[in-house]
Amino acid sequence: MLELERLVGFCRELREHGLSVTPAEVVTAAAALQIIDNRDRGEVFLSLRNILTTSVDDFPVFESLFATFWSGKKLVQSEGRSKIRRSSPARATGGVAFFLENWPTSRSVDVPGASDTESGAEKDFSGFSNHELEEISRIARRIVRRLARKRSRRWRPVARGHRVNLRRSLRLSLKTGGELIDLAYKERRPKRTKLVVICDVSGSMDIYSRLLLQFVYGLQNSFAKVESFVFATSLSRITGELKNKTYQRALDRLSANVRGWSGGTRIGASLATFNAQWLRRIDKQTVVIILSDGWDTGEPEQLVHALEQLKQRSGRLIWLNPLLGSSTYQPVTRGMQAAMPFINVFAPANDLASLRALEPHLVL
Amino acid sequence: MRQIQHLLEEQIYIADAAIATALYLSMALGKPLLIEGPAGVGKTEIAKSLAKALKTKLIRLQCYEGLDATTALYEWNYPKQLLHLKLEETSPASEAEKEAAIFSEAFLLKRPLLQAITEHERAPVLLIDEIDRSDEEFEAFLLEVLSDFQVTIPEIGTITATHKPHVVLTSNRSRDLSDALRRRCLYHWIDYPSLDKELEIVRAKVPQIGEELSRRVTEVMQATRSMSLSKIPGVAETLDWANALVALGTTELNEEIMAETIGCFLKDETDIATFKAGNTDYAD
């Protein structure tokens, strides 16, 4: 038999391990124990799990605590609290996690332009857990949702909506002899913000590109109007490679199709290529994001010219520099200095918080 | 509880103790049941079987992005109201009477939620399918309806449910649901079935399939799920495939049959390539 007191203690224990168990749920659990056979372990287990968990992610914690609860032992408060951690969501074990576990770790970082003394570069992203990678995707999704929800001032007719389109309704009424039978509706047109992401995958960016590509992948797959590119010594368009695939397969295709991965950097030349081929697609509704550390082996003049063009055509030019995350970093490299006057937003991109802070900048 | 399990099995739904417990509690405590799981594992099927087992109506609300309160709850039948006024133009009724007439229940278009609340005979099963596809605003609105099962229509007044419907919500986890909604509901997770359970399902649903073939089909499906595919096939696909094999009069799986019917459970070209690469020996 189960006493109420033990049930309450069990719920408290669950709460301490990170499950959100409300008093209302405790009451429900108590009510449930009245109507089931509370000597049957299986039945009690399933019932309480139905009531006290709210997600499959809670199951492992619940299972381990239930064992103690059922055996009737006194629950030890402090011990074990840190041992049982909420496992990462089941879906994370699919594509992304699989890929990251198999990410070639032996990639050399010793390439032109990368300075070993740059302190920010020492931060190790290989320690990123599945949970944090999930978080990156979530941030990307949230940014994109915010972009898509933004409404412009213009109207468009829709089949069903909240606002009556008077002009159209009256015109429709003509065919029923001036009687308003069918109503037409209208709504605010969604803003046509587009995103262009240009990601540096040269050697000096190696440790960040994994994180940033995940971010680009997230953006690409939750928003139709995203174009993504990568460059090291030359530019490649990767929109098609990233789209509608598992992260694993997207990266397989990337490594097969993109040359010069992890090589040196020629930002100026790559952006010039971009401008030559894609500039006409860029308008004031487009936010251009460049992800790079600014180490350029080419001439700064070329970079200046390319950025000037880009800045003129685009709605906003954002440069995300992972090195900016470290407190000692100053944008003194020739490339970066040349680029500064043309950038609307110069922000770090070395951790989750910096990606999260990006959200307001992307909305025009 | 055993009774529920038995009832479901009569509807050819292979229920395990977990599902039976969840449904029993949901009915006994009068709480909505939130079922989560990957696509194609039979979440929707639970509600359908429950309705059949209880011999009651199934009212289904399919969620989609942009679903709003009017499409889910009620709308005034505006053209009918207009026509009515037109007909009554010469009648001696006063304006107030006319107004009362056109804002009566006869002019109300009941959408699924209102239908579920006004069901008179017996409590229906209300299936709110793929709640994760609706947006946050709708979820908040739904919470309000689910908490007291009453709806206020300004012109008519408050309508309270005569029989509280049995509510089943399903979600594919494409979006995180709000904590408030999760807490309001009982929670149940369905995963892909084990080999034995899937075999049982196949044999129950496609009885014409032979013992040997059904085993091979399930084995292939179980192996397929462990591959790295972009669309992992669910039980629905297994059944489609089994039905296709029966329709073709197949008795054993060979390369030719596989090539012809692979589209039943793999719907993506690259997935098919992956499958073929991993399965060079499926012909036995």
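**Helix 2 of chain A against helix 2 of chain B, and helix 1 of chain A**

In this predicted model, helix 2 of chain A (residues 23-35) and helix 2 of chain B (residues 17-29) have axes that come within 11 Å and cross at roughly 105 degrees.

User: What makes helix 2 of chain A roughly perpendicular to helix 2 of chain B?

Analyst: The axes cross at roughly 105 degrees, and angles of 65 to 115 degrees count as roughly perpendicular, so helix 2 of chain A is called roughly perpendicular to helix 2 of chain B.

User: Which residues make the contact?

Analyst: From helix 2 of chain A come Thr28(A), Ala31(A), Ala32(A) and Ile35(A), and from helix 2 of chain B come Leu25(B), Ala28(B) and Leu29(B); by class, six residues of this contact are nonpolar, one is polar and none is charged.

User: How do you know that the span of helix 1 of chain A is close to the one expected?

Analyst: Helix 1 of chain A (residues 4-16) has 13 residues and reaches 19 Å from its first C-alpha to its last, which is close to the 18 Å expected at 1.5 Å a residue.

User: Why are the buried residues of helix 1 of chain A said to be on the same side?

Analyst: The buried residues are Leu7(A), Phe10(A), Cys11(A), Glu13(A) and Leu14(A), and because they cover an arc of only 160 degrees around the axis, they are placed on the same side of helix 1 of chain A. An α-helix has 3.6 residues a turn, so residues three or four places apart point the same way.

User: What covers the buried residues of helix 1 of chain A?

Analyst: The cover includes helix 2, helix 3 (41-52) and helix 4 (59-71) of chain A.

Key:
Residues numbered from 1 in each chain as written. Chains lettered and ligands numbered in written order. Predicted model: local features only at pLDDT ≥ 70, side-chain atom pairs only at ≥ 80, totals over all residues. Axes fitted to C-alpha atoms, helices over the stretch in contact; angles between N-to-C directions. Helix = DSSP H or I, 4+ residues; strand = E, 2+ residues; numbered from the N terminus. Parallel < 35°, antiparallel > 145°, perpendicular 65-115°, else oblique. Contact = placed C-beta atoms within 7 Å. Nonpolar A, V, L, I, M, F, W, Y, C, P; charged D, E, K, R; others polar. Expected span 1.5 Å × (residues − 1). Buried ≥ 20, exposed ≤ 12 C-beta atoms within 10 Å, placed from the backbone. Arc of directions from axis to C-beta.
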